[in-house]
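Work through the following exercises with the sequence and the structure in view. Try each task yourself before you read its solution.

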Amino acid sequence: MNNILLLISARPEDEAFAAEVAAVAALTCRVARSPEEGAEIIASDSPRVILADASDEECYSDLEAAIQEKVGLFSDKIDANAIHFITSQNLEKVPYLIQSPLFGHFIFRNYGNPKEAGAQYGRLVLATIQERAFGLEKLLQENAKIQTVKLQSTVQKQGAVEAIKNYLLAAKFQSRMASVIANAVDEILMNAMFDAPVDDIGRPLFASVSRSTAMKLEGRHAVEISVGFDGRYVGLTAVDSFGSLDKAKLLSHISKVYTEEEYKVKTSVAGAGIGLATVFRSGGSFFFSSESRHRTEVTVFFKRTDSFREFKDQFRFISTQFYF
Amino acid sequence: MLNVVKEQIGSILSIRLSGAIEESTNLEKLLGPPAPEMHIHCKEVSRINSVGVKLWIKYFQDAQSRGSKLKFSECSTAIVEQINLISNFIANGVVESIFVPFSCGKCRSELVGLFKTEDLKKVKFKLPTLKCSKCTGPATFDDIPEEYFAFLMR
């Protein structure tokens, strides 16, 4: 792999965004205006990171076909962890990406300021090109103050959520923003406590256990929450030691919308299956980093804005990084 | 933690909710068996997590299937967000009024104004600029209209 960030897009705003991502991640930016040109660069230069316009299904299909022809979808040069799709539509409108074998990262092209969005995303890209993308400190600016709390029991979750909400209010987040972020913390902690634990052959241990059950979080069941704020972005990471995250299941949950079809209450499972989707639709971005059977870190980011309108409409993304 | 104040007014069970709705919220226990007519006031509901949403839908769908008439009033921004995200959140009930978020352009204070849903439809969701109660500066609607009023546009 060469230290190249390849952008496959003809859009000027993508170019401004990618240039900043490359600068922050210390990569050389190259631009291909068509999928064919991009596939040729992949074949010849093995770029470390690929950002590609996948605004509609035709655009995505052309890219997939070009890669298949010039490189091969299952070539060593193609790694979903390094492929970042850019679209102007929300996740539920791009099922072709969710189902793609190439899916690693989804960038919603509501950059606002492409340079600023690129700087934030560049830190994430820099983390992903290192050996393991673990640690909140890699994802925020260097001046970020990070605090980590280890939870001893599931009943400590609500206390942790309220404490983080108060921290955000003290950091001058609007109360409505603080509530949204507190809810995000609630969801990622609940997932780490009840959904991450699996047995030796990967079967969920607590799928039907009520989420109000008091359980000790000891040994492998320990859960940590880290909070960092760099004056502009807040990042919150929940960590578990199971490394059981399933990409297909995750994407199916997070892209589900219940505005047209009804939400059906399943009594066979204790979780609701709507937490992450709600967080994403409220303005949050996600970074999921999971090493199989070892560790999962789920980080949610929010930008502090002057108004809630900007908060909800902020630049956002869903990134996944899987190590096997 | 959710607090509930119940009052029987003739045939109507009036319920005032305040606090967070989450996994430990037992609506069956707090609200009791569904009454034929229920008015649910949600002014003080600050937060609802995903398991809280599931418990809420389960309770009110059950109430609806037993023939209860449901009316939701003074819905907080947290409740409005869920009504917009989940089509069956109010289990075919009626939303009478909602709180609408405003933000002061001068002192950045957060404000809310109570509006009847019928009135919002009449003005086609075009809201007036209000006077900030703290500094008298101009306070404007602070959300995305197509999203915040989506349930009224369906």
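**Exercise 1: Helices against the sheet**

In this predicted model, find the strands of chain B that helix H2(B) lies across, and state the angle at which H2(B) runs to E3(B).

Solution. Begin with the strands: H2(B) lies across E2, E3 and strand E4 (69–73) of chain B. Then take the direction, and you will find that H2(B) runs at about 175° to E3(B). Continue with H3(B), which lies across E3 and E5 of chain B and runs at about 105° to E3(B).

**Exercise 2: The sheet itself**

Determine the order of the strands in the open sheet of chain B, and name its edge strands.

Solution. The five strands follow the order E1-E2-E3-E4-E5, with mixed pairing. The edges are strand E1 (2–9) and strand E5 (94–95) of chain B, since each of these pairs on one side only. Looking at one pair in detail, E1(B) and strand E2 (residues 12–21) of chain B are antiparallel over eight bridges, and Asn3(B) has Ser18(B) in E2(B) as its bridge partner.

**Exercise 3: The contact between the chains**

Describe the side of chain B that touches chain A, giving its residue count and the element that contributes the most.

Solution. First count the residues: the contact takes 25 from chain B and 28 from chain A. Next, among the elements that give two or more residues on the side of chain B are strand E3 (37–48) and helix H2 (50–65). H2(B) gives the most, with six residues. Finally, sort the residues of this side by type, which yields eight nonpolar, eight polar and nine charged.

Technical notes: Residues are numbered from 1 along each chain as its sequence is written. Chains are lettered from A and ligands numbered from 1 in the order in which they are written. This is a predicted model: local features need pLDDT of at least 70, side-chain atom pairs count only at pLDDT 80 or more; totals for chains, interfaces and linings use all residues. Two residues are in contact if their C-beta atoms, placed from the backbone, lie within 7 Å. Helices (H or I, at least four residues) and strands (E, at least two) are DSSP runs, numbered from the N terminus. Ala, Val, Leu, Ile, Met, Phe, Trp, Tyr, Cys and Pro count as nonpolar, Asp, Glu, Lys and Arg as charged, and the others, Gly among them, as polar. Two strands pair if DSSP finds at least two bridges between them. Axes are lines fitted to C-alpha atoms, for helices over the stretch in contact, and angles run from 0 to 180 degrees between N-to-C directions.
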